Amino acid sequence: MRSGFVAVAGRPNVGKSTLVNALCGGKVAIVSDKPQTTRQRIFGIANGDDHQLVLVDLPGFQRPRDALTERMQRTVDTSFEDVEGVLLVLSARERIGAGDRFVAHRVFSLGVPVVIALNKVDRLKPGHIATQMTTAARLGDFHALHPVSAKTGDGIAELRDELLQLLPAGPAYFPPEQRTNLPLELQLAELIREKALQLTREEVPHAISVEVDEVRGSVVHASLAVETESQKQILVGRGGSMVKEIGTRARPELELLLGHPVYLELLVKVRPRWRRDEATLERLGL
Ligand SMILES: Nc1nc2c(ncn2[C@@H]2O[C@H](COP(=O)(O)OP(=O)(O)OP(=O)(O)O)[C@@H](O)[C@H]2O)c(=O)[nH]1
Ligand SMILES: [Mg+2]
């Protein structure tokens, strides 16, 4: 049996969570086209007959602006201990630049193997991919470099095999049926937040937090908090249309996770400056 942890690092929005889901063969982390989607450390546990690979999905590297983003960056900074390697994720769709070099500088100094995933190569011309691979290769003394598409699955099996090679002999840290470390209520809250992120833009996605207040039988009570009255109006939508749509999109995924039909009750409220409130952040598990 081989087992161990591999941290997943990179700038916001490069596709770390999509990649973790693809490598685990199932959804453990929520995904959106907005940066700073992932706010906490999420394990994606990939089991095989003779291995257990625990991918540690992380927030993107960022310069903290408030208590929330400070906590997010602290999570990143403290998650590189006791890992067998780091998966450094880059987006092939964007210029590999200063932000990536900043992350690279940090992960290449850890003294563990760094595997680079050049993600989002789908629909890119081979010549462009080759150029991006050359740039990526200059980031540091990498162990391996894989062009992949977390979206189409291209290159994922090869990347997974590469990561398995990093694992030493060891026990399974989690029971085989466990997919992630997040408690069930946090998983439910995250799925709801994902739908809210998909449907909002500009500053609104960053101001949303979701808490599951109660799961009683088939009824799930959850509240979405934003920071201002105008954000609340956006999230509620005309005649409640927005919050209704969030519920419609979230419900099938909650049902899949819980394994039974769900009646979802969503409440939208204003919690001024929650991103600066340590007690609230603590309660949200951030
Ligand atoms: N075309 C394409 N898009 C991708 C691919 N992987 C991820 N994406 C998209 O990139 C966006 C960001 O994906 P995430 O997985 O949330 O990115 P992340 O790095 O976890 O982002 P943060 O948690 O905010 O740091 C989403 O819109 C994904 O659908 C890919 O291989 N190809
Ligand atoms: Mg993420």
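Both Glu-202 and Arg-201 are exposed, where exposed stands for over 50% relative accessible area, buried for under 20% and partly exposed for what lies in between, with a 1.4 Å probe and protein chains only. The side chains of Glu-202 and Arg-201 meet in a salt bridge, at 3.4 Å from N to O, a salt bridge being a side-chain nitrogen of Lys or Arg within 4 Å of a carboxyl oxygen of Asp or Glu. The model is a predicted one, in which local features need pLDDT of at least 70 and side-chain atom pairs count only at pLDDT 80 or more, while totals for chains, interfaces and linings use all residues. Residues are numbered from 1 along each chain as its sequence is written, chains are lettered from A and ligands numbered from 1 in the order in which they are written, and side-chain values use heavy atoms, with hydrogens and water left out.

## Salt bridges

A search of the whole structure finds 19 salt bridges, and among them are the three in the table.

| Salt bridge | Closest N and O atoms | Accessibility |
|---|---|---|
| Arg-193 and Glu-190 | 3.0 Å | both buried |
| Lys-195 and Glu-194 | 2.9 Å | both buried |
| Glu-202 and Arg-201 | 3.4 Å | both exposed |

Salt bridges that share partners join Lys-27, Glu-194, Lys-195 and Glu-253 into one network. Arg-193 and Glu-190 both belong to helix H6, where they are three residues apart, about one turn of the helix; helices (H or I, at least four residues) and strands (E, at least two) are DSSP runs, numbered from the N terminus.

## Cavities

Arg-193 and Glu-190 also appear in the lining of the largest cavity, together with Arg-39, Gln-40, Leu-186, Ala-189, Ser-209, Val-210, Leu-284 and Leu-286. A cavity is here a set of points, on a 1 Å grid over the protein atoms alone, where a 1.4 Å probe fits but cannot get out, and lining residues have an atom within 4 Å of a point. Helix H6 (184-199) and strand S7 (209-216) are the elements that give two or more residues to the lining of the largest cavity, and H6 gives the most, with four residues. By class, this lining has five nonpolar, two polar and three charged residues, with Ala, Val, Leu, Ile, Met, Phe, Trp, Tyr, Cys and Pro counted as nonpolar, Asp, Glu, Lys and Arg as charged, and the others, Gly among them, as polar.

The largest cavity has a volume of about 100 Å³, a volume being the space filled by probe spheres set on the grid points, which are joined across faces, edges and corners. In the whole structure, the search finds two cavities of 30 Å³ or more, and the second largest cavity holds about 30 Å³ of space. The lining of the second largest cavity includes Arg-39 and Arg-193, along with Lys-34, Pro-35, Gln-36, Thr-37, Leu-197, Pro-205 and His-206. By class, the lining of the second largest cavity has three nonpolar, three polar and three charged residues.

## The magnesium ion

The magnesium ion (ligand 2) is coordinated by Ser-17 through OG and by Thr-38 through OG1, at 2.0 to 2.1 Å; donors are N, O and S atoms within 2.8 Å of the metal (3.2 Å for Na, K and Ca), and since water is not among the atoms, sites may look incomplete. Ser-17 lies in helix H1 (residues 16-24) and Thr-38 in the loop between H1 and strand S2 (42-48), so the pair ties together parts that are 21 residues apart in sequence. Ser-17 is buried, with a relative accessible area of 8%, and Thr-38 is buried as well, at 7%.

## Aromatic pairs

The structure holds six aromatic pairs, where rings of Phe, Tyr and Trp (its six-membered ring) pair if their centres lie within 6.5 Å, and planes under 30 degrees apart count as stacked, over 60 as edge-to-face and the rest as tilted. The rings of Phe-5 and Tyr-173 have centres 5.3 Å apart and planes at 50 degrees, so this pair is tilted. The pair links distant parts of the chain, with Phe-5 in strand S1 (residues 2-9) and Tyr-173 in the loop between helix H5 (156-164) and H6, 168 residues apart. Phe-5 counts as buried, at 17% relative accessibility, whereas Tyr-173 counts as partly exposed, at 44%.

Phe-43 and Phe-174 form an edge-to-face pair, 5.9 Å centre to centre and with 65 degrees between the planes. Phe-43 in strand S2 and Phe-174 in the loop between H5 and H6 are 131 residues apart, and this pair links distant parts of the chain. Phe-43 is buried, with a relative accessible area of 9%, and Phe-174 is buried, with 16%. Ring pairs link Phe-5, Phe-43, Tyr-173 and Phe-174 into a cluster.

Definitions and conventions. On a 1 Å grid over the protein atoms alone, a cavity is a set of points where a 1.4 Å probe fits but cannot get out, and a pocket is an open set with protein on both sides within 12 Å along at least five of seven lines; lining residues have an atom within 4 Å of a point.
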